[in-house]
Amino acid sequence: MNRIDAKLAATLRRPGELVEAGLAPAAALAGLETVAARYAVAVTPDIAALIDAGDPDDPIARQFIPSVDELVEQPGENADPIGDDARSPVAGIVHRYPDRVLFKLVHVCAVYCRFCFRREMVGPGKATALSDEAYRTGLDYIRAHSEVWEVILTGGDPLMLSPRRLSEIMADLAAIDHVKIIRIHTRVPVADPARIGDDMVAALRVEGATTWIAVHANHPRELTGSARAACARLADAGIPLVSQSVLLRGVNDDAATLEALMRAFVECRIKPYYLHHGDLAPGTAHLRTTIEAGQELMRALRGRVSGLCQPDYVLDIPGGYGKAPIGPNYLSQPASLARDRLPEQQYRIVD
Ligand code: SF4
């Protein structure tokens with residue numbers, strides 16, 4: 001499985017390179033070296049070009065440029081915040097819900113997000129790609145569980161694999177009768193859109209199963225012309241696209257930015273799917289909002305944009321218990337009255 005295309009030569013991976021590129025202050029170097037010794041760093045040329053180095057609060061920089069705030073851990077934060085390990089019957093597989101499994105093929109990404117919920121597992125020097133043997137064991141597990149309708153390829157970023165290897169994996173999965181859906185979670189269309197070439201698009205389509213792609217982006221500026229063209233190549237090939245975003249303090253925690261992000265997704269034929277509340281990953285408190293703030297933003301979004309643009313605001317319950325929708329309620333009624341007996345005027349729109 002160790003066939004990752006490592007062509008991202010121009011990617012900035014060391015704090016010294018970030019300083020040289022003007023993306024981090026020289027005075028911060030020692031602290032950033034300490035952060036980088038624990039958590040992987042990678043900023044692709046596409047992402048570096050998006051950063052406004054003159055803006056100390058740039059929302060793209062906040063997502064990708066390390067900060068000494070990451071060295072501060074809060075009570076409750078932990079290395080496996082959504083409890084993958086507790087639900088992993090064999091290496092690489094997480095089986096949390098009956099009808100679907102996660103299949104974690106690789107542990108590398110094009111970029112490393114400073115808020116990543118798997119930050120203790122991804123990056124060079126952390127776990128490596130699944131061995132061929134572990135991959136086969138994962139396939140056997142899926143084959144033996146006829147209730148598994150959907151396989152979610154995640155990681156790391158599965159689109160870091162070569163198109164040739166991906167097409168082998170897609171064929172292996174599609175050959176399992178009960179696997180009907182293969183969903184791929186990726187940041188590549190945004191972080192390195194040129195990787196979504198004809199060969200990659202061809203690799204993602206397979207006889208016998210339907211491919212869905214979940215595109216991760218958090219700020220409307222990430223949907224550049226190149227990123228939009230990459231998404232269009234996928235959509236034009238008939239691959240349905242959904243979005244994943246994380247609610248992040250100082251990045252997208254205001255209604256106008258969220259609105260612009262959701263509109264940009266829909267313009268790219270990406271249906272807004274999940275807005276994740278920040279997970280309790282170590283050293284990420286400076287990027288998390290409160291749930292109340294998130295609910296307020298969702299309420300604001302409901303009033304501002306089309307239903308097409310509404311994601312589900314969700315929380316991954318720590319410990320591996322799965323996702324819970326945590327969006328605001330829009331309707332209330334006295335708890336003591338049964339709904340079917342309540343006159344319409346007794347409902348109250350919550351505003
Ligand atoms: S691309 Fe996904 S897995 Fe990789 S660092 Fe970002 S959030 Fe984590």
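These legends accompany close-up views of a predicted model.

**Figure 1. Residues around the ligand.** Eight names make up the view: Cys-109, Val-111, Tyr-112, Cys-113, Cys-116, Gly-156, Arg-187 and His-216 surround the ligand. By class, this shell has five nonpolar residues, two polar residues and one charged residue. The ligand takes up the space of the largest pocket.

**Figure 2. The largest pocket.** The volume of the largest pocket is about 870 Å³. Its lining counts 45 residues, and Phe-117, Arg-118, Thr-154, His-185 and Gln-244 are the closest to the pocket centre. Six strands each give two or more residues to this lining: E1 (93–97), E2 (100–104), E3 (150–154), E4 (181–186), E6 (241–246) and E7 (270–276). The lining divides into 21 nonpolar, twelve polar and twelve charged residues. The ligand occupies this space.

**Figure 3. The second largest pocket.** This pocket has a volume of about 370 Å³. Its lining is made of 21 residues. Nearest the centre lie Leu-23, Pro-56, Ala-61, Ile-65 and Pro-66. Twelve lining residues are nonpolar, three are polar and six are charged. Rolling a probe the size of a water molecule over the atoms shows where empty space is left.

**Figure 4. Salt bridges at Asp-84.** The structure holds 23 salt bridges. In one of them, the side chain of Arg-96 meets that of Asp-84 at 2.8 Å, N to O. Arg-96 belongs to strand E1, while Asp-84 sits in the loop between helix H4 (59–64) and E1. The two residues are twelve residues apart, and the pair links distant parts of the chain. Both Arg-96 and Asp-84 are buried. Asp-84 also meets Lys-104 in a salt bridge, at 3.0 Å from N to O. Lys-104 lies in strand E2, 20 residues from Asp-84, and this pair too links distant parts of the chain. Lys-104 is buried, as is Asp-84. Side chains of opposite charge can pair when their charged atoms come close.

**Figure 5. The salt-bridge network.** Which residues are linked in a network of salt bridges? They are Asp-84, Arg-96, Lys-104 and Arg-118. Arg-118 is also among the lining residues closest to the centre of the largest pocket. Strands E1 and E2, which hold Arg-96 and Lys-104, both contribute to the lining of that pocket.

**Figure 6. The Glu-222 and Arg-187 pair.** A salt bridge joins the side chains of Glu-222 and Arg-187, with an N to O distance of 2.9 Å. Glu-222 lies in the loop between strand E5 (210–216) and helix H9 (225–236). Arg-187 lies in the loop between E4 and helix H7 (188–191). The partners are 35 residues apart, and their pairing links distant parts of the chain. Buried or exposed, Glu-222 and Arg-187? Both are buried. Arg-187 is also one of the residues that surround the ligand.

**Figure 7. Backbone at Arg-269.** Most residues other than glycine have a negative phi. Arg-269 has a positive phi of about 65°, although it is not a glycine. The residue lies in the loop between helix H10 (255–267) and E7. Why does Arg-269 count as partly exposed? Because its relative accessibility is 44%, and partly exposed covers the range between 20% and 50%. Strand E7, at one end of this loop, gives two or more residues to the lining of the largest pocket.

Conventions. Residues are numbered from 1 along each chain as its sequence is written. This is a predicted model: local features need pLDDT of at least 70, side-chain atom pairs count only at pLDDT 80 or more; totals for chains, interfaces and linings use all residues. Side-chain values use heavy atoms; hydrogens and water are left out. A residue is near a molecule or strand if one of its heavy atoms lies within 4 Å of it. On a 1 Å grid over the protein atoms alone, a cavity is a set of points where a 1.4 Å probe fits but cannot get out, and a pocket is an open set with protein on both sides within 12 Å along at least five of seven lines; lining residues have an atom within 4 Å of a point. A molecule sits in a cavity or pocket if more than half of its atoms lie within 2 Å of its grid points. Ala, Val, Leu, Ile, Met, Phe, Trp, Tyr, Cys and Pro count as nonpolar, Asp, Glu, Lys and Arg as charged, and the others, Gly among them, as polar. Grid points are joined across faces, edges and corners, and a volume is the space filled by probe spheres set on the points. Helices (H or I, at least four residues) and strands (E, at least two) are DSSP runs, numbered from the N terminus. A salt bridge is a side-chain nitrogen of Lys or Arg within 4 Å of a carboxyl oxygen of Asp or Glu. Buried means under 20% relative accessible area, exposed over 50%, partly exposed in between (1.4 Å probe, protein chains only).
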